[in-house]
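Trainee: Could you take one part of this model and walk me through it closely? I would like the packing and the charged pairs in one connected account.

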Amino acid sequence: MAATTPAIPSGVFDAVDRAAVEWRAGRLPVDQLPVRDWLPQEWVRFLDRQPAELEDAKLAELRAQFHLGADGNAEIARSWLALVVRTAFEPAYLDLERYLLSTGRYKLVVGLYRDLARTETGLELGRAIYAKARSGYHTIIREAVERLLQPVTSAGKDAGRSESSQKGG
């Protein structure tokens, strides 16, 4: 590390991780999650650490309590929508579509399509959304997404796809 790199205190996400565990276990109600002063990085950490097996009821309460969707901070929305894809939370698929239709940053878009391409159900959804969004993307994004969404040939399967990585898939 460069000598000018600032030291990052250890344990900076410990409180976020504890809150996530307590909330998932039902010991901390959603309205008591200590999010008031969370920075976007803390939200991203909280959302990215949620398991694919998270129940729809938990996702619904998060969505309702914090108005999670396609709007607001783009990084938080991306993490929320990655969780939506990972858990196959269909009530938020319209938010996913809206986000992918209105966002053009490579790092925010391609990862969501990669996640969608991991299951047949996600792949179908990804292709449907991409058909609408394609014209709004830069050529580099189009090429990356098209590689992810192309049909699997008999010569081999795409390494990024895994049927067991998503419920219902």
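**A close look at helix α5**

Mentor: Start with helix α5, residues 93-102, where the buried residues are Y93, D95, L96, E97, Y99 and L100. Keep in mind that this is a predicted model. The buried residues of α5 have several packing partners: α3 (56-66), α4 (74-87), α6 (106-116) and α7 (120-133). Two acidic residues, D95 and E97, are on the buried list. Take them in turn.

D95 first. D95 is buried, with a relative accessible area of 9%. It counts as buried because 9% falls under the 20% cut-off. D95 forms a salt bridge with R63, and the closest N and O atoms are 2.9 Å apart. This pair links distant parts of the chain: R63 belongs to helix α3 and D95 to helix α5, with their positions 32 residues apart. R63 itself is partly exposed, at a relative accessible area of 24%. So a partly exposed arginine is paired with a buried aspartate.

Now E97, also in helix α5. E97 is buried, with a relative accessible area of 17%. Leaving out residues up to four places away in sequence, E97 touches I129 and K132. Both I129 and K132 fall within the residue range of α7, 120-133.

Next, the helices that α5 packs against. Helix α4 is one of them. Inside α4, E75 and R78 are three residues apart, so about one helical turn separates them. Their side chains meet in a salt bridge at 4.0 Å, N to O. That value sits right at the limit, because a salt bridge requires the nitrogen to be within 4 Å of the carboxyl oxygen. E75 is partly exposed, at 24% relative accessibility. R78 is buried, at 18%. The pair does not stand alone: salt bridges that share partners join D48, E75, R78 and K107 into one network.

Then α6, residues 106-116, another packing partner of α5. D115 pairs with R118 in a salt bridge, the closest N and O atoms being 2.6 Å apart. R118 is partly exposed, with a relative accessible area of 29%.

Finally, place these pairs in the whole. A search of the entire structure finds 12 salt bridges. Among them are R63 with D95, E75 with R78 and R118 with D115. For α5, the account comes back to its two buried acids: D95 has its salt bridge to R63, and E97 has its contacts with I129 and K132.

Methods
Residues numbered from 1 in each chain as written. Predicted model: local features only at pLDDT ≥ 70, side-chain atom pairs only at ≥ 80, totals over all residues. Heavy atoms only, no water. Buried < 20%, exposed > 50% of the residue type's maximum accessible area, 1.4 Å probe, protein only. Helix = DSSP H or I, 4+ residues; strand = E, 2+ residues; numbered from the N terminus. Contact = heavy atoms within 4.5 Å.
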